[in-house]
Amino acid sequence: MQDSRDREEWGSRTGFVLATVGSAVGLGNVWRFPTIVARSGGGAFLLLYLVIVLAVGIPLMMSELAMGRRSQKGVVGAFRDLRPGTGWWLAGLVAALAVLLITSYYSVIAGWTLIYTLLSVAGGISGLGSAGLTELFAHLTEDTLLPIYGQGIFLVIASTIVFYGVTAGIERWGRILTPGIVVLLLVLLGRVLFLEGGLEGAVWFLRPNFAQMSFGVALEALGQVFFSFSLGMGAVLTYGSYLSRRDDIPVNSLIISLADVGIAVLAGLVVISALFAFGIEPEAGFGLVFIALPAVFNTLPGALFWSTVFFLSLSFAALTSLISFLEVLNALLIEERGWSRPRAVVTVGVLSFIAGIPSALSQSLLDSVRILGWDFMGLTDMVASNLLLPLSGLLTTIFVAWVWGTPAAEEEISLGAVSFRTAPLWSFIMRYIAPVALTYILVAGLIF
Ligand code: PHE
């Protein structure tokens with residue numbers, strides 16, 4: 001297809017890898033992954049997780065990168081340009097809608113992490129125990145304006161970064177923030193391992209317990225790989241559209257995936273060691289990151305430092321993911337509407353802000369509003385994560401395997417690759433394994 005490049009390209013391979021790892025590493029790595037591992041067989045789960053990463057996660061990542069690079073387009077344009085004159089662009093629209101919904105509430109939670117970081121620096125967190133932290137969290141989420149301010153400021157920061165474009169914005173900040181997450185987590189790990197019982201917690205986290213393996217656990221691992229890699233939302237696809245034909249898609253996919261797994265394990269070691277030392281059962285979600293973990297850090301000498309490092313790592317993780325969400329929507333408007341980047345960035349920022357207000361108010365003004373038993377934030381998350389994302393993942397898989405076709409996709413993946421000897425295996429996975437896996441994620445997500 002076109003080789004003339006009016007599209008921006010990544011400045012370097014490291015920049016691309018770090019930005020994509022940044023998209024993958026998000027709040028899910030800290031509040032979901034460690035808890036799932038701890039409950040589902042430790043090291044045995046990790047082995048299973050790795051198998052699913054290799055068998056499904058990496059092939060899907062390669063497909064999205066290939067779609068983006070081949071078409072030189074974002075999420076709607078890629079489907080349309082690879083199969084013009086069909087209705088497949090609608091699959092891209094499903095992804096775009098999922099991204100908008102996820103951005104809306106993810107930016108609210110990101111705002112909370114920012115507020116907690118600032119509060120922590122100001123010394124407003126370090127003196128609190130579990131009860132005080134529970135109260136503080138209720139105070140924040142039940143406030144009308146504070147969550148909206150937090151969300152707004154976070155969106156302004158993320159939008160400012162995307163405003164500068166691929167190399168000067170996304171890549172430059174990915175180079176700082178993604179290693180930043182690793183450093184901050186390593187600092188925390190260095191501390192928690194020295195807690196009494198911390199090392200035992202780490203060993204317990206990694207111990208393989210095969211008795212806990214089950215079909216349900218495998219399904220959970222599959223879902224976690226899918227979400228953690230930011231698949232099905234066009235983020236990987238859009239980042240792939242800024243790749244050059246000289247870049248090696250298989251090798252880069254492997255590096256990005258292993259880095260995401262590595263950072264998830266690192267977060268798991270921090271979280272589980274800290275909780276283990278204090279005999280706290282790991283619970284996934286808000287309670288873990290806003291109450292249980294800061295309560296542990298607050299018992300340490302220099303609590304202010306430790307809680308600040310922790311919330312800063314969360315803010316960085318949320319920021320790099322949010323940047324990729326915004327870029328999906330920006331690229332879409334720039335291509336489809338011919339808008340300038342500044343116009344797209346401002347529109348997407350404002351739209352995400354407005355779309356997020358009901359979520360920001362879901363525990364204050366809109367607390368009494370329940371739709372099918374869900375509050376607003378829960379409902380948005382459920383529709384986006386359990387319905388739209390797996391649906392668009394499934395459509396993308398069917399598109400690559402059967403519509404664009406594996407031979408064409410294979411040809412694209414081979415360009416710039418040192419070798420793509422796994423092509424027959426990849427093709428088999430894309431045609432048969434991945435569609436079944438994604439159907440499972442979709443059905444399971446809607447039933448449970
Ligand atoms: N992969 C990121 C995470 O684990 C971002 C993400 C959030 C992707 C929610 C999909 C849904 O947090």
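**Exercise 1.** Find which side chains make polar contacts with serine 385.

*Solution.* Step 1: the side chains of serine 385 and aspartate 381 are joined by a polar contact of 2.6 Å. Step 2: a polar contact of 3.4 Å links the side chains of serine 385 and tyrosine 105. A polar contact is a pair of N or O atoms within 3.5 Å; within protein, one must be able to donate a hydrogen and the other to accept it, and residues adjacent in sequence count only if both atoms are side-chain atoms. The model is predicted: local features need pLDDT of at least 70, side-chain atom pairs count only at pLDDT 80 or more, and totals for chains, interfaces and linings use all residues. Residues are numbered from 1 along each chain as its sequence is written, and side-chain values use heavy atoms, with hydrogens and water left out.

**Exercise 2.** Decide whether serine 385 is buried or exposed, and place it in the fold.

*Solution.* Step 1: serine 385 belongs to helix H17 (residues 376-414); helices are DSSP runs (H or I, at least four residues), numbered from the N terminus. Step 2: serine 385 counts as buried because its relative accessibility is 11%. Buried means under 20% relative accessible area, exposed over 50%, partly exposed in between (1.4 Å probe, protein chains only). Step 3: not counting residues up to four places away in sequence, serine 385 touches Tyr105, Phe227 and Pro390, where contact means heavy atoms within 4.5 Å. Step 4: alanine 98 is 287 residues from serine 385 in sequence, but the C-alpha to C-alpha distance is 7.6 Å.

**Exercise 3.** Describe how the ligand is held by polar atoms of the protein.

*Solution.* Step 1: 15 residues surround the ligand, the closest being Ala24, Gly28, Tyr106, Phe227 and Ser230; a residue qualifies if one of its heavy atoms lies within 4 Å of the ligand. Step 2: an oxygen atom of the ligand is 3.2 Å from a backbone N or O atom of leucine 27. Step 3: an N or O atom in the side chain of tyrosine 106 lies 3.0 Å from an oxygen atom of the ligand. Step 4: a polar backbone atom of phenylalanine 227 is 3.0 Å from a nitrogen atom of the ligand. Step 5: the ligand taken alone exposes 320 Å², of which the protein buries 92%. Accessible areas come from the Shrake-Rupley method with a 1.4 Å probe; for residues, only the protein chains shown count as cover.

**Exercise 4.** State the phi value and the surroundings of serine 230.

*Solution.* Step 1: serine 230 is not a glycine, yet has a positive phi of about 55 degrees. Step 2: serine 230 sits in the loop between helix H11 (215-228) and helix H12 (235-240). Step 3: serine 230 is buried, with a relative accessible area of 3%.

Notes: Helix = DSSP H or I, 4+ residues; strand = E, 2+ residues; numbered from the N terminus.
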